[in-house]
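Please look through the sequence and the model below, and then follow the explanation that comes after them.

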Amino acid sequence: MSELKIEVDPAEAGLDPGRLRRLDRYLASYVDDGRLPGWQVAVTRGGRVAHLAEYGKRDIENGLPSEGNVIYRAWSMTKPVTSVAAMTLVEDGTIGLQDPVSRYIPAFEKVRVYQRGPAARPVTVPAAGPIRVQHLLSHTSGLTYGFHRAHPVDEIYTANGFEWATPPGLDLAACCEQWASFPLLFEPGTAWNYGVSSDVLGRVIEVASGKSLDEFFAERVLGPLGMTDTSFHVPQEKADRLAAFYTADPATGRATRADQLGAGALHRPACLSGSAGLVTTLGDYHRFSQMLLGEGVFEGERILGPRTVRHMRRNHLPGGGDLHSVGRPVFSEMPTAGVGFGLGFAVVEDPAAAGVPAGPGEYGWHSAAGTIFWVDPVERLTVLFFTQLMPSSAHPLHSRLRQLVNQALVD
């Protein structure tokens, strides 16, 4: 499976092999009854791979198995990569967390905040303060996504072609100009909302570094970590490794082919999305997760300093709140109570309130396309689960995954 291989006996790593088989059986049942096409999963402890499994098909219709170097659309798991890339510039002193975004993108100098009214005639007021780089990293900027379809500002995004993608032909700079002209949901820094913050952060990276986002990623994150299959599109010579894309049929729950939603991965996009643009493999993202577990270093390559990583995994929500108290609902089945948000990751603050058997300080993120990862710095554990099914909330996969991994920890 990619370059990954078992590096330690599960029992030696404090994982019960019999209990790990419960995880595999549970995930396999989703393939057997047609709810999932196929999947790959990796569990590491102390930096060593203790469990690898794969099952089903990466392409059901063509009979291609979920094995080896399968390439997946990372979608929102691009956001942590963008966050790490931005923090390398913070460590350089090139940008600051408190810098106004308008220093890099002047269009954001005079943003306005929604007050009331329909999308066609919103009443807005000037923002009391600027959107800052930290607000982009913590999703407290007031920016949104059209696909939420829960607020007049969401409707403004959708009406202008920003729902699940960006309008054809617009590059990242042009998209940012448009987003800056839309009202914010709230005053920057006062609440949490999932939106295009990481895309705008990607443009800040481009302006501050003088390089395109793909060039900067390759130079500062992907190249040093050896993530050779991670990029903004799948080149032709690797196209046969790309997993087919599926949606959950709302009536039956079965995986249904949806090529129209996943076809963009085969072409270099006009807009390099720091929110959802990357494709990757289990093996590549494993390297990224191990860098985080290593507090910024993997196989001798230091991407970030340890104090920077620790700062990123702290809760940065207003007033120390959780996603339930200061956030809007997310397109996910994951909990919001007891869960904070750092600089690029969700952070479990109170496992009891969250209702998950996780350790305090566990952090990570997921995507609507079914992928998820997390890092538990106390247990020295990382978990990655990759599939291609939208929405990720169609089945209780991510919550059950956490249950089934943690019940296998026995030391």
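The paragraphs below take up two helices, the packing of one of them against a third, and a single aspartate in a loop.

The model is a predicted one, and a convenient place to enter it is helix α2, residues 78-92. This helix has 15 residues and reaches 22 Å from its first C-alpha to its last, which is close to the 21 Å expected at 1.5 Å a residue. Helix α2 is mostly covered, with twelve of its 15 residues buried; among them are Thr78, Lys79 and Pro80, as well as Val84, Ala85, Ala86 and Met87. Just after α2 comes Gly93, which takes a positive phi of about 85°.

One partner of α2 is helix α7, residues 213-225, and the two pack at an angle of about 90° with their axes 10 Å apart. Because an angle of 65 to 115 degrees counts as roughly perpendicular, α2 is described as roughly perpendicular to α7. On the α2 side, the contact is made by Val81, Thr82, Val84, Ala85, Thr88, Leu89 and Asp92, while α7 contributes Phe216, Phe217, Arg220, Val221 and Leu222. By residue type, this contact of α2 with α7 divides into eight nonpolar, two polar and two charged residues.

Helix α6, residues 197-209, can be examined in a similar way. Its 13 residues should span 18 Å at 1.5 Å a residue, and the end C-alpha atoms are indeed 18 Å apart, so the expected and modelled lengths agree. The buried residues of α6 are Ser197, Ser198, Asp199, Val200, Leu201, Gly202, Val204, Ile205 and Glu206. What covers these buried residues includes α2 and α7, together with α3 (133-138) and α5 (172-181). After α6 comes Gly210, whose phi is positive, near 75°.

The last stop is Asp99, which is found in the loop between α2 and β5 (112-116). Is this aspartate buried or exposed? Asp99 has a relative accessibility of 12%, and because buried means under 20%, Asp99 counts as buried. A polar atom of the Asp99 side chain lies 2.7 Å from the backbone nitrogen of Gly96, and a polar contact of 2.5 Å joins the side chain of Asp99 to that of Tyr104. When neighbours within four places in sequence are left aside, Asp99 is in contact with Tyr104, Ile131, Arg132 and Val133.

How values were computed: Residues are numbered from 1 along each chain as its sequence is written. This is a predicted model: local features need pLDDT of at least 70, side-chain atom pairs count only at pLDDT 80 or more; totals for chains, interfaces and linings use all residues. Side-chain values use heavy atoms; hydrogens and water are left out. Axes are lines fitted to C-alpha atoms, for helices over the stretch in contact, and angles run from 0 to 180 degrees between N-to-C directions. Helices (H or I, at least four residues) and strands (E, at least two) are DSSP runs, numbered from the N terminus. Angles under 35 degrees count as roughly parallel, over 145 as roughly antiparallel, 65 to 115 as roughly perpendicular and the rest as oblique. Contact means heavy atoms within 4.5 Å. Ala, Val, Leu, Ile, Met, Phe, Trp, Tyr, Cys and Pro count as nonpolar, Asp, Glu, Lys and Arg as charged, and the others, Gly among them, as polar. Buried means under 20% relative accessible area, exposed over 50%, partly exposed in between (1.4 Å probe, protein chains only). A polar contact is a pair of N or O atoms within 3.5 Å; within protein, one must be able to donate a hydrogen and the other to accept it, and residues adjacent in sequence count only if both atoms are side-chain atoms. The expected span of a helix is 1.5 Å times one less than its number of residues.
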